[in-house]
Amino acid sequence: MFRKILIANRGEIAVRIIRACREMGILSVAVYSEEDEDSLAAMLADEAICIGPAPSSYSYLSAERILSAAIAMGADAIHPGFGFLSENSRFAKMCEECHIRFIGPDSETIARMGSKSEAKKNMVEAGVPVVPGYPGVLPDSQTGKREAEKIGYPVIIKAVSGGGGKGMRIIRSQEEWDLQYASASREAEKAFGDSRMYLEKYLENPRHVEVQILADREGNVFHLGERDCSVQRHHQKVLEESPCSVLTETQRQKMGDAAVKAAKAVGYENAGTVEFLLDKQGNFYFMEMNTRIQVEHPVTEEVTGLDLIQAQIRIAAGESLPWKQEEIRLRGHAIECRINAEIPARNFMPCPGTVTDCHFPGGPGIRVDSAVYAGCRISPYYDSMLVKLIAHADTREAAIRRMEGALEELVLEGVETNQEYLHEILAHPVFRSGEHDTSFLEKYGSLNE
Ligand code: ADP
């Protein structure tokens, strides 16, 4: 087992990983930017080191600075968390070259699955159903336009290196093509330094259902049930739950098997998520694979009773998973709400500032993953997520009620948040019925704007 793990991240996920290290008897090292000197992660970790100025490109996104810190602190492994360098194959390769274990899959797998078009190609070969579309990267806009005509509108174009809903456009007719393609590829170039696009059929009103998998070095691959992430704003997740309320046991089995097949096809190791779109007829299609731990992993932890961060660390250290698939059972229902420092009434504009006072909810079935404390500053440099609130109960309805109570109890003063907005989502009859799809917030999302 590792002696010391450096956490190449910040905020609540850094705290989450520190806690896992502590329970496993592993020393933790937090890294922080000058902006994050007073962060909870820096306070809770066994050791902490400053890695540079506030902008992420000089700190949390600097592979060189983070690796230097790991070497200087004598860490034998790095946990990348999510975002930042977590899906950066160059960084994973640098770790490999420095003989520091990157807690995640190897650099080649990250590169292969990180390209959305390449990943899809691998899935087609493995016999996993994929969203119909053009196989591979579009050579140019005109070819794309011709292919879109063949596939049939509406279509969606996506940045090959995309993420977070950036570089993505829905195109509903040929007339819109030129303008949308140009704007999406420009956005992708700016955000990812890669303007390449690919094309697929746009499925109307599907659900976003993803399967968590864990795979060890010996090739044992398990699926840990699904998460429904259909409550989205601009293709970004707002609230997640497990299990998905419309999935039958047979579909769950099929989707889990497909996810395992996908992971096996690329010799996957460590934790990963296979994302699918589920249509109204119950057909599902592979969309992409995320080669890291996800923001929404706690809902899976609550229903399976497994600790995914600890599992990641054990797998990276070479331990095998001594389980049988049928032993992994889903118990009850879990929901996660992402509480952000933002102003819903102003188009969800981020709202940095100082949290002058806070009170976290508690009681049975409530979990709070956060790095916030009274007096902490919310920096404009980083993500605006303050708190992940997770509720677990025997049924979906009971979990929703528990979450409603927790949202009412949660106090965050000094910054504006989306608490009220989340509360309205939970109370909405369409959400309550469990029949919502990815168009839910688009249709009803003006809630309290
Ligand atoms: P990103 O990696 O930027 O988050 P994804 O490929 O994961 O992008 O897609 C984000 C969301 O966009 C999905 O959850 C879904 O709601 C929507 N989406 C993506 N592809 C399609 C598609 N072919 N048809 C319908 N909706 C889609």
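**Ligand shell, open sheet and cysteines**

Good morning, colleagues. I begin with one contact at the ligand: a polar side-chain atom of H208 lies 2.7 Å from an oxygen atom of the ligand. Please bear in mind that the structure before you is a predicted model.

Two further contacts belong beside that of H208. In Q232, an N or O atom of the side chain is 2.7 Å from an oxygen atom of the ligand. G165, by contrast, makes its approach through the backbone, where an N or O atom lies 2.6 Å from a ligand oxygen. How much of the ligand's own accessible area does the protein cover? Taken on its own, the ligand has 550 Å² of accessible area, and the protein covers 94% of that.

Which elements give two or more residues to the shell around the ligand? They are the strands β6 (155–159), β8 (197–201), β12 (270–278) and β13 (284–290). In total, 21 residues surround the ligand, and those that come nearest are K116, G165, H208, Q232 and E288. By character, the shell divides into eight nonpolar, seven polar and six charged residues.

I turn now to the open sheet. Five strands form this sheet, in the order β3-β2-β1-β4-β5, and their pairing is parallel. At its edges stand β3 (47–52) and β5 (101–102); each has a single partner strand, so one side of each is left without a neighbour in the sheet. As a general reminder, the strands of a sheet pair through backbone hydrogen bonds, in either a parallel or an antiparallel manner. For β3, the partner is β2, residues 27–33; the two run parallel and are joined by five bridges. Within this pair, S33 stands opposite G52 of β3.

Finally, the cysteines. How many disulfides does the structure hold? The number is zero. Two residues may serve as illustrations.

Consider C50 before C229. The closest cysteine sulfur to that of C50 belongs to C376, and because the separation is 18 Å, the two are too far apart for a bond. C50 has a relative accessibility of 37% and therefore counts as partly exposed.

Is C229 buried or exposed? With a relative accessible area of 0%, C229 is buried. Why does the sulfur of C229 form no bond with the closest cysteine sulfur? That closest sulfur, in C244, is 9.6 Å away, which is too far for a bond, since a disulfide requires the two sulfur atoms to be within 2.5 Å.

Thank you for your attention.

How values were computed
Residues are numbered from 1 along each chain as its sequence is written. This is a predicted model: local features need pLDDT of at least 70, side-chain atom pairs count only at pLDDT 80 or more; totals for chains, interfaces and linings use all residues. Side-chain values use heavy atoms; hydrogens and water are left out. A residue is near a molecule or strand if one of its heavy atoms lies within 4 Å of it. A polar contact is a pair of N or O atoms within 3.5 Å; within protein, one must be able to donate a hydrogen and the other to accept it, and residues adjacent in sequence count only if both atoms are side-chain atoms. Accessible areas come from the Shrake-Rupley method with a 1.4 Å probe; for residues, only the protein chains shown count as cover. Helices (H or I, at least four residues) and strands (E, at least two) are DSSP runs, numbered from the N terminus. Ala, Val, Leu, Ile, Met, Phe, Trp, Tyr, Cys and Pro count as nonpolar, Asp, Glu, Lys and Arg as charged, and the others, Gly among them, as polar. Two strands pair if DSSP finds at least two bridges between them. Buried means under 20% relative accessible area, exposed over 50%, partly exposed in between (1.4 Å probe, protein chains only).
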